[in-house]
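Colleague: Please take a close look at one part of this chain, its nonpolar core, and tell me how the rest fits around it.

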Amino acid sequence: MHPNVRTSWHAAWRASALVVVAAVLAACGSSSGISSSSSAGAITAKDPWVKTAPSGMTAAFVTLDNGSSTADVLVSASTPAAGMVQLHEMVMKDGAMVMQEKRDGIAVPAHGTAVLEPGGNHIMLMELSAPIKVGEKVAITLTFASGTTLQIEAAARDFDGGNESYNPSPSGSMSGMS
Ligand SMILES: [Cu+2]
């Protein structure tokens, strides 16, 4: 009996030691990177931010890095801060840049980057449930075609440019678009 008991205790100790090693490795892996980035699978989000707005609608921006050899597509986003969220792109229409819904999503190429920025692709937050003020953090969930989701925390910043419009005014509609 005695050798058997000793052997099984030893085996259990070895097993728990392996668990500890695995936990330490996992902790090291998740602690890399700066605090404002997060990742879901192969996609990493950098510098997420949202334009301050008193009401109505605003836009959120982020840089998505794809570290894998498989392309993915950002297909939707959601946030408690807005009643409706769409992915938008900017297009030239009648001599002015206007935004429209990007129904096929925003591609994140394999080993590539998708940059969402003022004047370009963006996450449109509509029907804001409350004003978005400087320094506030807006939690946004990004959903990809692969099925993975990515939670980002967009910090609110004042920003004067990139006041995109569906219906540009006849004069001066290019101002602020650079
Ligand atoms: Cu938009």
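Modeller: A nonpolar core, as the term is used here, is a set of buried Ala, Val, Leu, Ile, Met, Phe, Trp, Tyr and Cys residues joined through C-beta atoms within 7 Å. This is a predicted model, and in it the largest such core has 29 residues. A60, L74, I123, V138 and I140 have the most contacts inside this core. Eight strands each supply at least two of its residues: β2 (43-51), β3 (58-66), β4 (72-78), β5 (82-93), β7 (106-108), β9 (122-128), β10 (137-144) and β11 (149-157). The largest share, 5 residues, comes from β3.

I123 shows how the parts meet. Leaving aside neighbours within four places in sequence, I123 is in contact with A59, A60, A77, V85, L87, L116 and I140. Two of these partners, A60 and I140, are also listed with I123 among the residues that have the most contacts inside the core.

The strands belong to a chain with 1 helix and 11 strands, in which the helix comes before the strands along the sequence. Of the 178 residues, 23% count as buried. Among contacts with a separation of 6 or more, 66% join residues 24 or more positions apart.

Next, the pairing of β2. With β3, β2 pairs in the antiparallel sense over 6 bridges, and W49 has F61 as its bridge partner in β3. The hairpin of these two strands has 6 residues between them, and G56 takes a positive phi near 80° there. With β11, β2 pairs in the parallel sense over 3 bridges; here V50 stands opposite A156.

One loop residue also deserves a look. T79 lies between β4 and β5, and T79 counts as buried because 20 C-beta neighbours lie inside 10 Å. Beyond four places in sequence, T79 is in contact with V85, L125, V138, A139, I140 and T141. I152 is 73 residues from T79 in sequence, yet their C-alpha atoms are 9.9 Å apart in space.

Last, confidence. The average pLDDT of the chain is 80, and 67% of the residues score at least 70. Residues 15-35 have pLDDT below 50, and this stretch has 0 contacts in the model beyond near neighbours in sequence. Over residues 167-178 the pLDDT is also below 50, with 10 contacts beyond near neighbours in sequence. Where pLDDT is low, the predicted coordinates should not be read in detail.

Technical notes:
Residues numbered from 1 in each chain as written. Predicted model: local features only at pLDDT ≥ 70, side-chain atom pairs only at ≥ 80, totals over all residues. Helix = DSSP H or I, 4+ residues; strand = E, 2+ residues; numbered from the N terminus. Buried ≥ 20, exposed ≤ 12 C-beta atoms within 10 Å, placed from the backbone. Contact = placed C-beta atoms within 7 Å. pLDDT = per-residue confidence, 0-100. Pairing = 2+ DSSP bridges.
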